[in-house]
Amino acid sequence: MGQSSLMSIVLLASLLFSGSPPKKPVDQTGRLLRVYARLLQTMGNPPDAPVLKLLPRRETGIDGHALYQPGNPARIELGDDVLTLCATFGPNAEVALACLLGHELAHFQYRHGSKQGFFSPVVMPTDAAYSSRNLEALADRSGIFMAYLAGYDAFSIAPAVYEAYYRTFKKPDQIPGYPTKNQRLRMVADTAARVQELAQLFEIGEISYLMRDYAASSRAFDALITRYPDVTTRNNLGASKLNQALARMPSAREAPRLRFAFPIEFDSDNRLLTLPRRDKPLRYEQLLTEAHYLFKTALDEQPTHQSARLNLAIAEYLLGNAEQARQTLGNAPLPKSANEQLMLGIVLADLGQNDEARKSFKMAVAKGAFRARENEAYFLKGLESGWLSWFDQVAARQNRKQEKPASLPAWPAQLAPARQLPVMVLPGGGQVARTDSLTSYEIPLALESATHDKPAVRIYRVLKSSRRALKGLPMGSSSGQLARYGPPTTTITGARGTVFYGFRKASRWLFLEYRDNRLTSWVAAEPKPS
């Protein structure tokens with residue numbers, strides 16, 4: 001049974017047996033489940049995730065009840081009046097709820113005393129670093145960043161949410177075990193500023209990855225790890241290094257086992273511009289070893305993280321250890337994801353188990369895995385004599401397709417930062433301007449980094465949004481609408497059912513991110529005129 005289905009049953013049961021019929025309309029409980037599911041996704045859907053219970057105010061006897069209780073299973077309890085409070089934020093109701101639920105989930109995330117996070121506890125006078133008050137401060141800070149990773153613009157609204165919580169529920173300025181109200185509000189405001197900095201690192205890293213500047217993406221996520229060393233960041237850094245390594249490895253003509261399109265999963269859900277490029281590019285063996293370590297560490301921290309396990313198997317395969325990759329995929333929880341099934345087919349083919357590989361590829365196609373039919377064709381043709389001639393023809397067709405003039409599904413009206421917005425200068429010469437619905441960057445990106453040790457660097461204007469609709473492509477619209485525009489220039493697989501479709505026309509790029517076949521965000525990029 002899936003996590004969302006389990007939460008629905010638990011939540012429904014808590015409502016049915018709470019002693020009275022539920023008061024909240026269906027859309028309120030649906031909102032709660034939706035937000036909680038997205039937050040859990042950022043943690044890799046841990047199997048021991050806290051059970052979520054929605055309780056009526058008259059049962060708790062407490063205004064604004066929000067509580068994490070450790071145990072087996074752990075629990076998060078939320079009063080129905082908290083949902084009512086979040087609803088007062090109108091279109092930002094889910095963002096407000098994500099801030100408060102993120103706080104409680106942060107307690108679960110850091111349940112082990114030895115685990116350290118980016119949000120260092122703010123040590124109060126006479127308090128030990130792991131006192132109750134400092135653990136609450138840690139949960140405030142981690143919860144806001146967790147909400148951001150889940151796709152909520154939490155840093156712009158968190159201070160108002162906490163202020164409303166204290167005011168609405170008439171909480172005293174000093175609650176035992178918590179910082180004072182003023183201390184807490186100051187910390188939340190400071191957290192919002194810090195999370196915004198992290199968001200910029202994350203977004204620039206994502207943009208660099210989409211634009212195939214994997215060296216820049218690696219530097220960014222490396223910097224982010226020093227400040228927020230979570231599983232998602234480790235996975236993304238490892239994914240960047242895998243792509244860097246693939247660009248340096250022998251061609252498929254020289255090494256047929258590399259003929260496949262590997263389903264490397266990037267977590268969407270960084271670049272330190274002050275760091276110089278290395279004088280000499282790393283050998284692909286070192287990049288693969290570093291990626292392997294990152295994925296292994298991520299799995300040690302979160303054994304159920306699906307993307308980290310898949311990427312670990314890809315790293316093992318590329319390091320020449322197909323048998324270890326098979327064992328890694330064999331340890332994945334059942335049922336296997338579409339991309340795990342695809343990678344298993346690639347591994348079995350390398351081990352000479354062609355009958356089993358054929359079955360695995362068919363299952364991957366049925367599940368809609370990353371470029372599944374293309375990979376199945378690579379496998380089947382690879383069993384025939386003269387497959388290299390076929391492969392050369394496929395490569396030639398792809399090159400012609402990329403050179404052919406293309407149409408973009410849509411394009412934002414303006415990429416340059418609006419003059420009335422405050423523009424912040426980034427280290428290294430870039431800049432960023434942000435509103436509550438979009439972010440505008442000017443950042444240096446390397447061109448053709450896959451084939452040049454010292455690629456040309458140009459300033460790109462980039463606009464990113466998860467709220468603002470493009471003409472003809474409203475948020476939430478189906479990926480089926482893209483059929484009218486022809487095949488995308490590139491397809492990039494993400495984590496947890498996310499896919500990026502990239503369209504290119506001349507020097508303009510438009511990336512459309514779909515989760516469960518629904519548009520969730522877009523990125524538009526073009527070089528800044530010289």
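A residue counts as buried when its relative accessible area is under 20%, and that cut-off will be needed at several stops of this tour through what is a predicted model.

**First stop: R234**

Select R234, which sits in helix 10, the helix that covers residues 231-248. Its relative accessible area is 14%, and R234 is therefore buried. Now show the side chain of E301 as well, and you will find a polar contact of 3.1 Å between the side chains of R234 and E301. If you then display the surroundings of R234, leaving aside neighbours within four places in sequence, the residues in contact with it are I225, P229, L294, T297, A298 and, once again, E301.

**Second stop: K464**

Move next to K464, a residue of strand 7, which runs over residues 457-465. With a relative accessibility of 12%, K464 counts as buried because the cut-off lies at 20%. Add the side chain of E206 to the view, since the side chain of K464 makes a polar contact of 2.8 Å with it. Not counting residues up to four places away in sequence, K464 touches E203 and E206, then L438 and T439, and finally S521, W522 and V523.

**Third stop: helix 5 against helix 7**

Colour helix 5 (residues 93-109) and helix 7 (residues 158-168), which pack with their axes 9 Å apart and at an angle of about 80°. Because angles of 65 to 115 degrees count as roughly perpendicular, helix 5 is described as roughly perpendicular to helix 7. To see what makes the contact, select A96, C99, L100 and H103 on helix 5, together with A158, V161, Y162 and Y165 on helix 7. Sorted by character, the residues of this contact divide into seven nonpolar and one polar, with no charged residue.

Keep Y162 selected, since this residue of helix 7 deserves a view of its own. Is Y162 buried or exposed? Its relative accessibility is 4%, so Y162 counts as buried. Leaving aside neighbours within four places in sequence, Y162 is in contact with C99 and H103, and also with D140, R184, L185 and V188. You may also draw a C-alpha to C-alpha distance from Y162 to K181, which gives 9.2 Å in space for two residues that are 19 residues apart in sequence.

**Fourth stop: Y209 in helix 8**

Helix 8 covers residues 181-210, and Y209 is found within it. At 3% relative accessibility, Y209 counts as buried. Which residues, apart from neighbours within four places in sequence, are in contact with Y209? They are Y214, S217, A239, S240, N243, I264, F266 and I492. For one of these, F266, the C-alpha to C-alpha separation from Y209 is 8.8 Å, although the two are 57 residues apart in sequence.

**Fifth stop: two loops with positive phi**

Go to the loop between helix 7 and helix 8, where K170 is found. K170 is not a glycine, yet it has a positive phi of about 50°. At 70% relative accessibility, K170 counts as exposed.

Then go on to the loop between helix 8 and helix 9 (214-227), which is the place of R212. Here too the backbone is worth inspecting, for phi of R212 is near 70°, a positive value in a residue other than glycine. R212, at 38% relative accessibility, counts as partly exposed.

**Sixth stop: two cis peptide bonds**

Select N72 and P73, which are joined by a cis peptide bond with omega of about 5°. P73 lies in the loop between strand 2 (66-69) and strand 3 (75-79). For the other bond, select L334 and P335, where the peptide bond is again cis and omega is near -5°. P335 is found in the loop between helix 13 (322-330) and helix 14 (338-350).

**Last stop: helix 16**

Finish with helix 16 (residues 372-382), and highlight its buried residues, which are A372, N375, E376, Y378 and F379. Turn the view until you look down the helix axis: these buried residues fall within an arc of 155°, so they line one face of helix 16. In general, an α-helix has 3.6 residues a turn, so residues three or four places apart point the same way.

Definitions and conventions:
Residues numbered from 1 in each chain as written. Heavy atoms only, no water. Helix = DSSP H or I, 4+ residues; strand = E, 2+ residues; numbered from the N terminus. Buried < 20%, exposed > 50% of the residue type's maximum accessible area, 1.4 Å probe, protein only. Polar contact = N/O pair within 3.5 Å; in protein donor to acceptor, adjacent residues only side chain to side chain. Contact = heavy atoms within 4.5 Å. Arc of directions from axis to C-beta. Axes fitted to C-alpha atoms, helices over the stretch in contact; angles between N-to-C directions. Parallel < 35°, antiparallel > 145°, perpendicular 65-115°, else oblique. Nonpolar A, V, L, I, M, F, W, Y, C, P; charged D, E, K, R; others polar.
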